[in-house]
Amino acid sequence: MSGAAITGLNIDFATKAGIHHAVRNVTLSAGPGRILGLVGESGSGKSTVALALMGLLAANARVTAGALQLGADRFDLAQPQATAALRGIRMAMIFQDPFASLNPVFSIRAHLNEVLSRRSPDVTGDARRQTAVDALAVVGIDRPEVRLTQYPHELSGGMRQRVAIAMALLARPDLLIADEPTTALDATVEAQVMKEICGLRDRIGCSILLITHSLGLVAEHCDDIAVMYAGELVEQGSVKAVAANPGHPYTRALLACEVTIDAARGADARQSRFRMIPGDLPDPFDPPSGCIYRTRCDIAIADCARIVPPPVEVGGDAAHRARCIRVGAR
Amino acid sequence: MMSGYLSLLSDIWRSPNGRIGLVLVIAILLFAIFGPVLAVNPNKIAVPDRFQAPSFEHLLGTDNLGRDLFSRTAQGTRAALMISLMVVALSLLIGALVGVAAGMAGGWVDRGVTAFFDIISAYPAVILAMGLMALYGTGFANLLLVVTILFIPQFGRMARAQTLSLRHQPFIDAERIIGLPRARLIWRHFLPNVLGPLIVLASMNIPVVITIEAGLSFVGLGVQPPQASLGSLIKDGYTFLNQSWWPTVGSAVTLALVTLGSTLFGEAVRDATDPKLRGHHK
Amino acid sequence: MPALGRFIAQRLAAALFTLGGAILFLFVIIQFVPGDLVSILLGPRATPQMRAEFAERMGLDRSIPEQVWLFFSRAVTGNLGEDPISHRSILDMILEVMPNTLQLAGCALVISVFFGVALGCIAALKPGSVVDTGLGVASVTFITTPAFVVAIFLLLIFSLQLHWLPVTGAGASDDPLDRLSHLVLPATALSIGWIGYLARLIRASLLEVLSEQHVRMMRAYGVPEGRIVRHFALRLALVPMVAVMGIGIGDMISNAVFVEIIFARQGVGKLIYDAILTRNYPVVQAGILFTVVTYITCNLLVDVLNALLDPRIARSLKQAA
């Protein structure tokens, strides 16, 4: 297991209103055994990046450029079926809606068997059954032998997501992509499911790309963070570094939006109103010149309209980069 | 209200199927209304002229007794439309009343009504209709009654389901607390909400009734001679298939077009009034 | 699978209850027919002696509840009465022609499912293509044209004009090829409407299933597209089809009457029709009863099949954290 890196990813969507450059020049990396949290608003392109890696984009989408480096192997993502052979073997994915992830007319066993037959074809019969049972037990599902014979509608949302995690476990991928895995679950279940996902990292040492819009989740579980805005990557670095010293004004604004809970009083008494970032996402067919964020930025200057900001080191940390020409300014 | 209907029509026009349906329905209506008026007397027998192919004088030819097929087909179309509209209207009304009553009353009344619906639906439609007509005798009133009975369960079930889901809505409780008498409750609140989907169901059922009536007439248990029905015309043609196939083809094609047109139109109405699909048209 | 067993028992009870109600309904209908009951049931040909015998056998002198009991017990034991004309057991008459009807219906069912599913899948896998639009138009036409109209056209074109296939009858009983040639046109006529309906249904169902997240999940695990469609998607897409078949069988039974008449096939439908023409009411009554029993049984089988295919139906939801 030696990590995953994405370089220069560009994705276009062909729509009735024209070509939408949904993802522009995204470069990020998830170190071996590390969890990278990819955050951004709805429409920032984070899910699109994930689908592009798996080769599951819609018919009107095209990867115009980009490469995936998985360990020692390099894959050209512009080729339509570049990563098809990796699915279920070196890459796995957990989806957002647990109630829709499993086929209702097939048992849990059928789902797990499908993964096993592709990943470990030599394991058959009783050994296969036992492997499936063990996987269910490992992710914290009670009475795994019984659950194996049940159907998805007999399991709760949290359990179904655990089944999805079990499937990922059985696939033993180098890279696991989790697309908002807990958005549809309530808080207590979310904690349990996140525990299992991080557990995967411990058990099989894969890199995890966790896509989410919740900074809280990233702060608690991720090692690294990458921030996307309107199709571009604006900041990347370790969670500690970025949280302590955000380089990009968007990241700074996002962190300020988080409502802190005062444990002693049960609510934040200091914050009497909610912070927001004023403005809307830019028109996808008519993006602002220069920096994509400048129309909502609180420290924008004239140069921001002329220069597309390159990644700049923040705070002397080579792994922490932000794409802003005024890094550090307030 | 007029604008509501106009926008409905324009929605129907927008889908290709709806367009065809609308055109067919208009053509059929014109045929049914003006056909018998313009053409020759449909009952005029002129045996020497039998089995003629279509000509200027007899647009669809003549049948085995020399009667003009154009006017007979028009008469049959008229009968089909009238009967289907009456049956659908009657069964809608009776079904709605019975269904709402069952939904409101609950308990044994409800169970009895549901059992009644289930029993009627346990019979294949045409078989029951044939049996009832055979036992109770043919005749226009009987035909209407029998076919209406066949469709009451459908409307009744839908009305009942709507009522049950409406019963527990807060606004109903509010009205009841104010003291609105039950009858007014039903008339003012339940019926309007229930009628909407029922009318859509009615428009979908018109071609079904037409087909059943044609089938019954085909076996001689529907519209009686000398009245023409599309079904009996087909039967007459079939009997003399060896002599001339024109009578059969003319009426069969007409029946197919009538059912096709009313089905497409009915589906277009359903799609246009479906709140879930409305978004697509805007 | 105890849950499935419970479900079947439940459905069986409901079916028996409905059957009981239907038989009672038949009894009631006959009672209300205007005129003398014995004349109605025996027809104008009855002699006074026959009438006396009949009245006694029917228990018309007994109380109503006793008559109901007689009716029920006879129906249940298969005693459908005697044909006034030939004095044969009506049950025997029905059983004699039943194979023809069964073959017709069975053939039509197989044809409908095969072509309906196949065409629906083709349309779903290439949505918006010429094939898809063409099939859409064809299916609407198939669905709306009444079966007996289709039957007449088929008869006209293929039998009378082209002489490709025989016109009437069911064919010699010992020659399977002959029987098959007599089955082709009637079975086609009976199945056309269904092919159109199923094609439309499967198309919509499969398109919807293919857009769902679990299909994406399977793709994400590298399952080949062919296997996804054939194994995973199709199985789910077929579920609504079975649910719909129950009503369809009723339609098929009804239409079989017309098809048998048009193609002069001796079957249960034609038997009922001939009996209506000759005012042979005992046969009419027995025939209707037989049809109802068949229909209710078929619906029960369809319900069970549905529960077997879709695990959500029989098994209750058990929530666990």
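1. First, a bit of vocabulary: helices here are DSSP runs of H or I with at least four residues, and strands are runs of E with at least two, numbered from the N terminus. With that in hand, look just past helix 11 of chain C: there you'll find C:Ala264, which has a positive phi, near 50 degrees.

2. Before going on, keep in mind that this is a predicted model, where local features need pLDDT of at least 70 and side-chain atom pairs count only at pLDDT 80 or more, while totals for chains, interfaces and linings use all residues. Residues are numbered from 1 along each chain as its sequence is written, and chains are lettered from A and ligands numbered from 1 in the order in which they are written.

3. Now, who touches whom? Two residues are in contact if their C-beta atoms, placed from the backbone, lie within 7 Å. Of the 2 pairs of chains that touch, B and C share the most contacts. Chains A and B have no contact with each other, and their closest C-alpha atoms are 16 Å apart.

4. Take the B and C pair. Here 33 residues of chain C meet 34 residues of chain B. On the chain C side, helix 11 gives the most, with 7 residues. That side has 25 nonpolar, 8 polar and no charged residues (nonpolar means Ala, Val, Leu, Ile, Met, Phe, Trp, Tyr, Cys and Pro; charged means Asp, Glu, Lys and Arg; the others, Gly among them, are polar).

5. The pair of chains C and A has another mix. Chain C puts in 25 residues and chain A 28. Helix 9 of chain C provides the largest share of the chain C side, 7 residues. By class, the side of chain C that touches chain A has 13 nonpolar, 4 polar and 8 charged residues.

6. Back to helix 11 of chain C, which is worth tracing along its length. Its 24 residues reach 34 Å from first C-alpha to last, close to the 34 Å expected (1.5 Å times one less than the number of residues). There is a bend of about 40 degrees at C:Gly246, where the bend is the angle between axes fitted to the seven residues ending there and the seven starting there.

7. How do helices 12 and 13 of chain C pack? Their axes come within 8 Å and cross at roughly 150 degrees (axes are lines fitted to C-alpha atoms, for helices over the stretch in contact, and angles run from 0 to 180 degrees between N-to-C directions). The two helices are therefore roughly antiparallel (under 35 degrees is roughly parallel, over 145 roughly antiparallel, 65 to 115 roughly perpendicular, and the rest oblique). Their crossing is left-handed: the near helix is turned anticlockwise from the far one by less than a right angle, whereas clockwise would be right-handed. Among the residues involved are C:Leu271 of helix 12 and C:Phe290 of helix 13.

8. For contrast, try helices 7 and 8 of chain C. They pack at about 140 degrees with axes 9 Å apart, and are therefore oblique to each other. This crossing is right-handed. The contact includes C:Phe158 from helix 7 and C:Pro186 from helix 8, and its residues divide into 11 nonpolar, 3 polar and no charged.
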